[in-house]
Amino acid sequence: MKRWQWVTLVTFAVFAFVALFELSMGRLPLGPDGRFGWWDGDIWSSENSQRFADPYSFSHLTHGILFFGFLWLVLRRWPVGYRFLIALFTEATWEMLENSPFIINRYRHATISQGYVGDSVLNSMSDILMMCLGFWFASRMKPWVCVVAVLVMEIGCALWVRDNLTMNVIMLIHPIEAIKHWQMAGQPPTLSH
């Protein structure tokens, strides 16, 4: 079997394993309403992280770019396919961990995702796919293009939804009340009848 065939086979196996693992943990395939959707841009809605893509998809694209850069620095002599598999295993592990009760509760407690119920399996598969696309993008672009792409996504998401990968990591590991306060100021007012 050629290397690219082996990498492709392992990639599909990882996607299948994560989907089956999450289903076995009680994650829903399409979210609580059972509907398929391509996009939900409202991070405050109950449909966040239930559709194929959402504003956090940009964080997963960033994961792929950062994984490529880091693995190029430390394992430059390894074939890109093997480095891709390391990134894939890392992202898949994060998706399974992120949808565990421990991390779901951590998000609810420490971040603006107070109503977070975990990802649908569809959204988790999309998150992994976004990382793969980010890795592929970084493997094809010059480093400065990757830096600009990450900055555009991070700054763009900070301005758009008041959250991004950087703030998400900070708030998950060591919450800063000033950041949470700034983020919460972006929450739309609830409508009363």
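Pro175 lies in the loop between α7 and α8 (177-184), and this residue of the predicted model makes a convenient place to enter the structure. With a relative accessible area of 35%, Pro175 is partly exposed, since that term covers values from 20% to 50%. Leaving aside its neighbours within four places in sequence, Pro175 is in contact with Arg106, Ala110 and Ile170. Val148, by contrast, stands 27 residues from Pro175 in sequence and 27 Å from it in space, taken from C-alpha to C-alpha.

Two of the residues that Pro175 touches, Arg106 and Ala110, also take part in the packing of helix α4 against helix α7, where Arg106, Tyr107 and Ala110 of α4 meet Asn168, Met171, Leu172 and Ile173 of α7. The residues of this contact divide into 5 nonpolar, 1 polar and 1 charged. Helix α4 spans residues 101-110 and helix α7 residues 165-173, and their axes, 9 Å apart, make an angle of about 100 degrees. Because angles of 65 to 115 degrees count as roughly perpendicular, α4 and α7 are described as roughly perpendicular to each other.

From here it helps to step back to the whole chain, which has 8 helices and 0 strands, so that the pattern read along the sequence is α-α-α-α-α-α-α-α. The radius of gyration is 17 Å, close to the 16 Å that the globule rule gives for 193 residues, and the chain is therefore as compact as a globular protein of that length. Along its principal axes the C-alpha trace spans about 65 × 40 × 30 Å. Of the 193 residues, 46% count as buried, and among the contacts with a separation of 6 or more, 67% are accounted for by residues 24 or more positions apart.

Helix α3 takes part in two further packings. In the packing with helix α1 (residues 3-24), the two axes come within 11 Å and cross at roughly 0 degrees, and α1 and α3 are therefore roughly parallel to each other. The α1 side of this contact includes Trp6, Val10, Val14, Phe17 and Phe21, while the α3 side includes Tyr82, Leu85, Leu88, Phe89 and Met96. Taken together, the residues of the contact divide into 15 nonpolar, 2 polar and 3 charged.

In the packing with helix α2 (residues 57-74), helix α3 (residues 80-98) lies at an angle of about 135 degrees, with the axes 10 Å apart, and that makes α2 oblique to α3. The crossing of α2 past α3 is right-handed. Among the residues that make the contact are His60, His63, Phe67, Phe68 and Trp72 of α2, together with Arg83, Ile86, Thr90, Glu91 and Trp94 of α3. The division here is 8 nonpolar, 3 polar and 3 charged.

Two loop residues deserve a closer look for their backbone geometry. Most residues other than glycine have a negative phi. Ser49, in the loop between α1 and α2, is not a glycine and yet has a positive phi of about 65 degrees. Arg162, found in the loop between α6 (143-161) and α7, likewise is not a glycine and has a positive phi of about 60 degrees. As for accessibility, Ser49 counts as buried because its relative accessibility is 6%, whereas Arg162 is partly exposed, with a relative accessible area of 24%.

Notes: Residues are numbered from 1 along each chain as its sequence is written. This is a predicted model: local features need pLDDT of at least 70, side-chain atom pairs count only at pLDDT 80 or more; totals for chains, interfaces and linings use all residues. Side-chain values use heavy atoms; hydrogens and water are left out. Axes are lines fitted to C-alpha atoms, for helices over the stretch in contact, and angles run from 0 to 180 degrees between N-to-C directions. Helices (H or I, at least four residues) and strands (E, at least two) are DSSP runs, numbered from the N terminus. Angles under 35 degrees count as roughly parallel, over 145 as roughly antiparallel, 65 to 115 as roughly perpendicular and the rest as oblique. Contact means heavy atoms within 4.5 Å. Ala, Val, Leu, Ile, Met, Phe, Trp, Tyr, Cys and Pro count as nonpolar, Asp, Glu, Lys and Arg as charged, and the others, Gly among them, as polar. A crossing is left-handed if the near helix is turned anticlockwise from the far one by less than a right angle, and right-handed if clockwise. The radius of gyration is taken over C-alpha atoms; the globule rule is 2.2 Å times the number of residues to the power 0.38. Buried means under 20% relative accessible area, exposed over 50%, partly exposed in between (1.4 Å probe, protein chains only).
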